[in-house]
Structures are given as structure tokens and as C-alpha cells.
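Student: I am new to this structure. Please take me through one part of it closely, then show me how the rest connects.

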Amino acid sequence: MESAKNANSQVKRYLTFCKDAHLSPKKGALRNATYKKQIRTIKRFMFWLNHVRHISCDFKGARCYVAAVIRWAGMNTNPLDTMPAAEARTLKQAYNKHAVIIHQPKIALPKAMLRRLMRYWCKTNSEEERTTRRESLLATATMLYVTLGSRAGNILLSSGPNKWKQVLLVGDVNSEKFDSRPSKKAPLFIVNTRMKNDKYPVISSVPFNSNTASPKRFCAATRLLELTRKRKRDGAGPDEALFVNPKSGGPLTTGVANSHLKKFLRKFCTKKGLPPRYSKLFSLKSFRKAVATEMQKSGASPQSIAKQLKHASIDSQMSYICKYHKQNQQLEKDLYKCITPPTAQSRDRKPKHT
């Protein structure tokens, strides 16, 4: 069942590629093409996965996508299997996702745009729709991203190899305390015990929104608790994904969330008279960056921000801290003036006019 869903997802990616590359999406177009054209199309598709969609997989993983497309098109053989050995070796080396650094900057989602998005996705007052309607589920996930500052794959199912170790499961939400003794003074806890390199469970807290008269619409903890109870009533086990796509019945993915986010942003840009391509500057990563921006404005140190955002590697922490200092050079100069005697301060000489 799972493999069939994966194959369908892989074929959908190929159809999207055909649209982007202005190729025919029909099965016969690939099946009846010449060998030379088949190879060229498959190569373009593999590099499209890497450079355009940024699919997190190696050469072997890309071949899995190709295999699903070959089966879908009804082809008897895979053109990659009949390539000359030298050409296949060159293709594999060229595909290495670490060989080319792809810079795709994402910026923080502005407050006004985020509030507009929440109003758009939080229209309903019905509990049934809040826990089953896709836009409502995306609203709940977005609120979690903003309150936790978590990575995309820690809430919705990502495409990475460790996706099931990261995605939020029904059993991760510690709702039993609120079921037995309801209290909105303490936060709602998420306990993740599946982190491979952690000796102890990782605990995250989701605060209740005390600044709203509509908690069922605009409170992350209230909506999370409501969704968890609904999933349990429906018979979901603790090892099942908390967020389910009502259209497919499978886990709600980061890919679906990003596509709906960009769809909203394109409409937003059009209404504001802005180029729709601006929507490419935002993704689920933008919520995480927005948290960092707000913490920075509140005076948090770069170390505190790195800890809150759970930067795992030293490189990530150093990169963020360097960026922080680069953006605050004037502040640092002013601070150092407080401890540097006037005689030891550098003199900024004005250029002489000729």
C-alpha cells in the first residue's frame, strides 16, 4: 500500500516536470519516443528533481523515481539499464547532490502576510471542519511552526530518509493530562522519544494563546488538543501521523503544505500588484525564519536563538551566529565604545575634498 502511494507521488512529480519542461504528459509520449529522446528526457527529469524540486535523495533514489515512471508508461525496459558504462558512471557522478551547492534563499514571512494567511485558513468555526478540512489542518500546522520554531519535517511528513523519525505522531502529544484535568495555565507538551542521537526524550511546549477571544480559531495548543482527540476517537494509534490529508487519506506532507502556501502567496501578490514570482521566496522555512527574526528583535542572543531552533550541527550554529553579527555591526561598534577609552578608539577620518 505504502509503495503504491510512493509510486503515485513519483509519477505526479514527473507530470509536474513535463509541465515545467513543456513536454507531453501522456504515457505514449515517453514510451514511443526514440531511445535518444527517452534518455534525454529521463536525464532532464533526474536533474529537475535535484535542482528545481530539491528532492532529498541520492542517485539511487532518483533512479527509483525513474523506475516508477517507466512502469507507469508501460515500458518494457529502462533506458538507463542499457546506457554505456562510462556514460552511466558520468551521469552518476554529475548527479551527486553534494557536488553543486544550490542557493535558494528563503525569507521570513512578514507579520501582516502571516495574519492574512491565518484569517484565510481559519475561516471555519466548525470542529469537524477544523480537524478534517485541509486548509484548517494547514492552519494548525502553521501555528505550531510559529510557536515552536520547528523544522518543516517535525510537524508534517517530509521527503527525507528519516521522515518517520521526525514527523509529529498522535502519541507525541501529551494530551492525557488535559483530558483528566483540563487546565489552560500550563502549556501543552509534545514528547518525541524517537530522536536517534538523544539519550533523553525531546520535549517541546505549545503555549495557549491568552490574547484571543477565539482560541479554537487562533490558538495552536487548543487546535492541537482538539485534533489529537479527534484522531484518537477515529481509532488512530500512537504511531500514526497526527496530520492526515483528507484527500488521499495518507499523512499530510510538507510538499502539499508548500504548494498551498505558494498558491495563497501568488494570489496575494497578484492582488497587491506584485510579481507572482515573489511567492518563491517563501516556504515552510519562512515560519522558522520568522521566529528567529522575532527573537532577535526581542533581544535574544544568537546562542539562545540557535538553542530554541534546535540547530543540530556546529556548522549551522556558527553560520547563523556569523550572520547575526554581520547584521548588527553598528550595534557592536556602539557597545564597544562603552568599554574602549577615547584614546584607544579608532578615528574615522573624513576624505579630503580636492
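Tutor: Start with L274, in the loop between α13 and α14 (285-297). This is a predicted model. L274 is partly exposed, with a relative accessible area of 36%. Its value is over the 30% that a patch residue needs. L274 joins I107, Y278 and L281 in a nonpolar surface patch of about 310 Å².

Now step back into helix α13, where V256 lies. Setting aside neighbours within four places in sequence, V256 touches R134 and N245. R134 is 122 residues away along the chain, yet the two C-alpha atoms are separated by 9.7 Å.

Next, the interior. In soluble globular proteins, nonpolar side chains tend to be buried together. Here the largest nonpolar core has 44 residues. Those with the most contacts inside it are L117, L144, L156, L188, V206, L224 and F243. At least two residues each come from α6 (111-121), α8 (134-148), β1 (188-192), α12 (220-233) and α13 (254-271). The largest share is that of α8, with eight residues.

Take V206 as a guide to this core. Beyond its neighbours within four places in sequence, V206 is in contact with L144, T147 and L148. Its other such contacts are P187, L188, I190, A220, A221 and L224.

There is also a second, separate core of 25 residues. Among its members are C18, Y65, M75 and M83. C18 is buried, at a relative accessible area of 1%. C122 is buried too, with 1% relative accessibility. What about disulfides? A search of the whole structure finds zero.

Follow helix α12 next, since it supplies residues to the largest core. T228 lies in this helix. T228 is buried, and its relative accessible area is 0%. Leaving out neighbours within four places in sequence, T228 is in contact with V170, V173, S175 and L242.

R233 is in α12 as well. R233 forms a salt bridge with E127, at 3.5 Å from N to O. E127 sits in helix α7 (residues 127-132), so the bridge links distant parts of the chain, 106 residues apart. R233 is exposed, with a relative accessible area of 55%. E127 counts as partly exposed, at 37%.

Another salt bridge pairs D234 with K230. Their closest N and O atoms are 2.6 Å apart. Here the partners contrast: D234 counts as exposed at 51% relative accessibility, whereas K230 counts as buried at 11%.

How many salt bridges are there in the whole structure? A search finds six. One of them joins R63 and D81, with the closest N and O atoms 2.6 Å apart. R63 is in helix α4 (residues 59-73). D81 is in the loop between α4 and α5 (85-95), 18 residues away. R63 is partly exposed, with a relative accessible area of 28%. D81 counts as exposed, at 54%.

Finish with H22, in the loop between α1 (2-21) and α2 (27-31). Its phi is near 60 degrees, a positive value in a residue other than glycine. H22 is exposed, with a relative accessible area of 74%.

Key: Residues numbered from 1 in each chain as written. Predicted model: local features only at pLDDT ≥ 70, side-chain atom pairs only at ≥ 80, totals over all residues. Heavy atoms only, no water. Core = buried A, V, L, I, M, F, W, Y, C linked by side-chain atoms within 4.5 Å. Buried < 20%, exposed > 50% of the residue type's maximum accessible area, 1.4 Å probe, protein only. Helix = DSSP H or I, 4+ residues; strand = E, 2+ residues; numbered from the N terminus. Contact = heavy atoms within 4.5 Å. Patch = residues over 30% accessible without salt bridge, like charges linked within 9 Å, V, L, I, M, F, W, Y side chains within 5 Å. Areas by Shrake-Rupley, 256 points an atom, 1.4 Å probe, with all protein chains shown as cover. Salt bridge = Lys/Arg side-chain N within 4 Å of Asp/Glu carboxyl O. Disulfide = S-S within 2.5 Å.
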